[in-house]
Amino acid sequence: MPGPELERAVAIAARSILDDKAAILEALQVAGIGDADINQVFTLVAVWRERLLAERERSTALVELVEKVVLTDEGIRLGLNIHVLRSGQDGAALRKVLQLVRFVPLKVKRRGVELRLIINGGDEPRKPDPALLKAFARARGWFEELSSGRVRSLVEIAHREGLAKRYVTRLTKLAFVSPEFVDAIVGGNVPFETNLQMLMDGRIALPVSWNEQEQLFTD
């Protein structure tokens, strides 16, 4: 299983644990953290959750937050440690550790050549890639101009757009991508780390047949 995919799954699992307020309240009692510190704890929980959502913060947050990860065939057993500072009777700072442990079910799902870890039978939605959507629209528009005779060649399009002919040629190939694949992009259901550059560089080889494309990229 690729490291980025495993990290993504652990981050989703960690957020699901942090969203369980009842479990957090129970863990507060076990840790001996009083009601006076509840607001502080939930503020910390919110901060951790935001860090797990931020791509730049995710890896560092997982290192600091996760105490143990056990990956099994059925799911992930995850242990989180949240350090809470509170004042003692003498005014000295005391550190309490809020421990959250849970087993999160998951399954392995194959999409094309890629394996994905799906938490709780669901998946983490991904936003559509604006660059890809724009590229598909341009590619189809240019191909329609060419096939209808409104322009005589891709060279003419390149001159008009102020782009290199090689770039226009490579981008126009995206006009032959299955509409189902484009719909998958709009819905955020595309293979992990699929982007415009990967398609144009040929790092993702698209079959000519739309049926074969849909078998690779859609459920």
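Helices H2 and H3 cross at an angle of about 130°, and their axes lie 12 Å apart. Here helices (H or I, at least four residues) and strands (E, at least two) are DSSP runs numbered from the N terminus, while axes are lines fitted to C-alpha atoms, for helices over the stretch in contact, with angles running from 0 to 180 degrees between N-to-C directions. H2 is therefore oblique to H3, given that angles under 35 degrees count as roughly parallel, over 145 as roughly antiparallel, 65 to 115 as roughly perpendicular and the rest as oblique. The crossing of these two helices is right-handed; that is, the near helix is turned clockwise from the far one by less than a right angle, whereas an anticlockwise turn would be left-handed. On the H2 side, Lys21, Ile24, Leu25 and Leu28 meet Ile38, Val41, Phe42 and Val45 of H3, contact being defined as heavy atoms within 4.5 Å.

The model is a predicted one, in which local features need pLDDT of at least 70 and side-chain atom pairs count only at pLDDT 80 or more, although totals for chains, interfaces and linings use all residues. Residues are numbered from 1 along each chain as its sequence is written, and side-chain values use heavy atoms, with hydrogens and water left out.

The chain holds ten helices and four strands, arranged from the N terminus as α-α-α-α-β-β-β-β-α-α-α-α-α-α. Of its 219 residues, 37% are buried (under 20% relative accessible area, with exposed over 50% and partly exposed in between; 1.4 Å probe, protein chains only). Among contacts between residues at least 6 apart in sequence, 59% join residues at least 24 apart.

Val41 also leads into the interior. The largest nonpolar core has 28 residues, and Val41 is listed with Leu18, Leu78, Leu80, Ile82, Leu98 and Leu100 as having the most contacts inside it. Such a core is a set of buried Ala, Val, Leu, Ile, Met, Phe, Trp, Tyr and Cys residues joined through side-chain atoms within 4.5 Å. At least two of its residues come from each of H1 (3-18), H2 (21-31), H3 (38-53), H4 (55-65), E2 (75-87) and E3 (93-111). H1 gives the most, with seven residues. Beyond four places in sequence, Val41 touches Ile24, Leu28, Ile33, Val84 and Leu98. A further core of 19 residues lies apart from this one and includes Phe136, Leu171, Leu174 and Leu199.

Strand E3 also carries Gln99, which is exposed at 53% relative accessibility. Outside its neighbours within four places in sequence, Gln99 contacts Ala27, Leu80 and Asn81.

Farther along the chain, the axes of H6 (residues 154-161) and H7 come within 9 Å and cross at roughly 115°, again in a right-handed crossing. Leu154, Val155, Ile157 and Ala158 of H6 make the contact with Lys165, Val168, Thr169 and Thr172 of H7.

One aromatic pair is found in the whole structure. Phe143 and Phe176 are edge-to-face, at 5.0 Å centre to centre and 70° between the planes (rings of Phe, Tyr and Trp, the last by its six-membered ring, pair if their centres lie within 6.5 Å; planes under 30 degrees apart count as stacked, over 60 as edge-to-face and the rest as tilted). Because Phe143 sits in H5 (residues 130-148) and Phe176 in the loop between H7 (165-172) and H8 (179-186), the pair ties together parts 33 residues apart in sequence. Phe143 is partly exposed at 32% relative accessibility, and Phe176 is partly exposed at 45%.
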